[in-house]
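Here is a friendly walk through one protein chain, from its overall build to a few of its details. Keep the structure open beside you as you read.

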Amino acid sequence: MQIILGIPGGIAAYKSADLARLLTNQGHRVRCILTEAGARFITPLTLSSLTGEPCYGANPDQGEWRANPSIEHIELARWADIMAVVPATADLIGKAANGLASDLLSTVLLATRAPVLWAPAMNTGMWSHPAVQANLSRLRSFGHAVVDPDDGLLACGEEGSGKLAQVDAIAEAILMHGAAKLRSLNGKRVLITAGPTREDLDPVRTLTNRSTGAMGIELARAFRDAGAQVQLVLGGDLPAPWGVETARVRSAQEMLAACQARWSGADGLVGAAAVADQRPETFAPEKVKKGEGPENLVLVRTPDILATLSAARRPGQWILGFAAESENHLAHAAAKLQKKQLDGVLVNDVQGGRAFGDQTNTLTPVTAQGPQAPIGPLSKDALARAVVQWWNFQIEGRGTVQ
Ligand code: CTP
């Protein structure tokens with residue numbers, strides 16, 4: 001993605017260096033534009049060194065723009081897939097809300113057709129002033145996005161709202177708003193299960209599995225960035241992704257209940273969770289003491305979430321499942337596709353513990369048409385984006401599923 005990072009003069013400007021580095025490391029191209037005041041807080045050299053791209057100043061008369069300054073702002077406006085202003089100051093918010101264009105950054109903001117995102121940071125009194133809030137409402141009415149500031153101790157010593165949001169959250173918001181939306185997924189509601197489930201034996205012991213939930217979380221991000229409204233039902237301890245409504249669950253029964261509450265409103269379901277197939281027959285409210293001789297643990301089956309939701313689906317709803325297999329992968333996947341009445345199964349080769357906690361992975365889709373070309377090996381984020389592309393292509397090719 002090609003990102004323009006606008007940096008006006010605010011004390012949080014030093015955090016935009018971190019943001020520029022984070023986005024560059026993720027493979028995005030980042031070009032920074034400093035205002036005159038911004039350049040007093042952070043130097044162009046810092047930013048261009050971190051991004052490997054030119055950094056632009058405020059003023060062509062001082063040689064701060066590159067050659068051909070008369071159209072530089074238009075070139076930059078066209079180059080951007082998204083523009084983000086971090087930290088967004090009251091001054092620049094006010095200028096942009098009123099269509100003023102007095103330097104390079106405000107001019108590019110006016111000229112661009114790319115999505116624009118503001119991450120404000122300022123003193124609490126300034127942040128809550130009706131003028132600033134009215135200007136932000138006006139920017140929102142233009143379709144601009146705002147990542148609200150956090151509460152906390154501000155550089156001025158006051159405590160309250162106005163602290164720049166976390167850099168990771170701003171990065172995610174930039175990717176979400178800047179990614180090209182996929183036609184058949186844009187605005188669609190996608191329910192995703194992810195992570196392990198935990199079936200408790202007593203207050204200290206649990207039956208679980210080696211899944212971390214990383215793949216399901218990356219899928220949630222990828223569907224979100226493709227334009228879907230994602231609801232994630234998540235087991236395990238990984239943090240929830242930004243911009244995704246997340247319900248945290250522990251057991252298979254809780255995961256099923258959370259899914260059932262959301263299923264009728266969804267257009268599709270991705271079952272990426274590693275659901276424990278068995279749970280202890282009873283839960284002991286007090287810690288179980290060890291006994292003499294052999295001990296038995298009686299297990300009973302947990303509900304099959306995909307099969308239950310598949311049986312309750314309305315026409316047009318699609319379901320993608322996963323199959324973690326260590327042998328005879330494609331045959332097992334085809335059997336699951338048929339048994340649970342799914343639209344696709346993504347087969348994960350877990351022989352020898354592969355896929356759990358690994359950095360890269362390969363998934364082979366199986367549909368009613370049979371096995372398809374494997375996707376990967378790719379890092380989990382790239383793999384998730386490739387799966388979303390593949391699925392979007394399937395939906396487009398078939399019109400609607402079912
Ligand atoms: N799944 C589910 N509910 C369960 C078990 C599995 O929704 N109780 C879903 C998983 O999220 C996955 C798919 O079903 O999308 C396949 O899971 P898999 O690990 O292959 O397990 P099973 O279908 O139970 O098959 P088996 O244990 O025989 O391999």
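Accessible areas here come from the Shrake-Rupley method with a 1.4 Å probe. On that basis, the accessible surface of the protein chain comes to about 19100 Å², and 51% of this belongs to carbon and sulfur atoms. Please keep in mind that this is a predicted model.

**Overall build**

The protein chain contains 14 helices and 21 strands. Its C-alpha atoms fill a box of roughly 85 × 50 × 35 Å along the principal axes. Of its 402 residues, 50% count as buried. If you take the contacts between residues at least 6 apart in sequence, 65% of them join residues at least 24 apart.

On the surface, Ile-11, Tyr-14 and Phe-41 form a nonpolar patch, and together they offer about 330 Å² of accessible area. Of these, Tyr-14 sits in helix H1, which runs over residues 13-25.

**Helix H11 and its buried face**

Helix H11 covers residues 252-263, and its 12 residues should span 16 Å at 1.5 Å a residue; the end C-alpha atoms are 16 Å apart, which agrees. Which residues of H11 are buried? They are Ala-252, Met-255, Leu-256, Ala-258, Cys-259 and Trp-263. Looking down the axis of H11, you will find these buried residues within an arc of 165°, so they line one face of the helix. A general point helps here: an α-helix has 3.6 residues a turn, so residues three or four places apart point the same way.

The cover over the buried residues of H11 includes strands E9 (189-194), E10 (199-200), E12 (229-234), E14 (268-271) and E17 (318-325), along with helix H12 (305-311).

**A buried loop residue**

Leu-185 is found in the loop between helix H9 (167-178) and E9. Is Leu-185 buried or exposed? With a relative accessible area of 0%, Leu-185 is buried, because the cut-off for burial is under 20%. Leaving aside residues up to four places away in sequence, Leu-185 touches Phe-223, Ala-226, Gly-227, Ala-228, Trp-318, Val-388, Asn-392 and Ile-395. One of these partners, Ala-226, is 41 residues from Leu-185 along the chain, yet their C-alpha atoms are separated by 6.5 Å.

**Salt bridges**

Side chains of opposite charge can pair when their charged atoms come close. The whole structure holds 17 salt bridges, and three of them are set out below with their N to O distances.

| Salt bridge | N to O distance |
|---|---|
| Glu-396 and Arg-183 | 3.3 Å |
| Asp-267 and Arg-189 | 3.5 Å |
| Arg-313 and Asp-343 | 2.9 Å |

Let us start with the salt bridge between Glu-396 and Arg-183. Glu-396 belongs to helix H14 (residues 380-398) and Arg-183 to the loop between H9 and E9, so this pair ties together parts that are 213 residues apart in sequence. Glu-396 is partly exposed at 35% relative accessible area, while Arg-183 counts as exposed at 70%.

Next comes the salt bridge that Asp-267 forms with Arg-189. It links distant parts of the chain, with Asp-267 in the loop between H11 and E14 and Arg-189 in strand E9, 78 residues apart. Asp-267 is buried, with 18% relative accessible area, whereas Arg-189 counts as partly exposed at 37%.

Then there is the salt bridge between the side chains of Arg-313 and Asp-343. Arg-313 lies in the loop between H12 and E17 and Asp-343 in the loop between H13 and E18, so the pair ties together parts that are 30 residues apart in sequence. Arg-313 counts as buried at 16% relative accessibility, and Asp-343 is buried at 9%. Elsewhere, salt bridges with shared partners join Glu-172, Glu-218, Arg-221, Arg-224 and Asp-225 into one network.

**Backbone details**

Where do you meet cis peptide bonds? One runs from Val-86 to Pro-87, with omega near -5°, and Pro-87 is part of strand E4 (residues 82-88). Another runs from Gly-376 to Pro-377, with omega near 5°, and Pro-377 is part of strand E21 (residues 375-379).

Positive phi values also turn up in residues other than glycine. Asn-328 has phi near 50° and is found in the loop between E17 and helix H13 (329-339). Gln-341 has a positive phi of about 55° and lies in the loop between H13 and strand E18 (344-349). At 47% relative accessibility, Gln-341 counts as partly exposed.

Terms used
Residues numbered from 1 in each chain as written. Predicted model: local features only at pLDDT ≥ 70, side-chain atom pairs only at ≥ 80, totals over all residues. Heavy atoms only, no water. Patch = residues over 30% accessible without salt bridge, like charges linked within 9 Å, V, L, I, M, F, W, Y side chains within 5 Å. Salt bridge = Lys/Arg side-chain N within 4 Å of Asp/Glu carboxyl O. Helix = DSSP H or I, 4+ residues; strand = E, 2+ residues; numbered from the N terminus. Expected span 1.5 Å × (residues − 1). Buried < 20%, exposed > 50% of the residue type's maximum accessible area, 1.4 Å probe, protein only. Arc of directions from axis to C-beta. Contact = heavy atoms within 4.5 Å.
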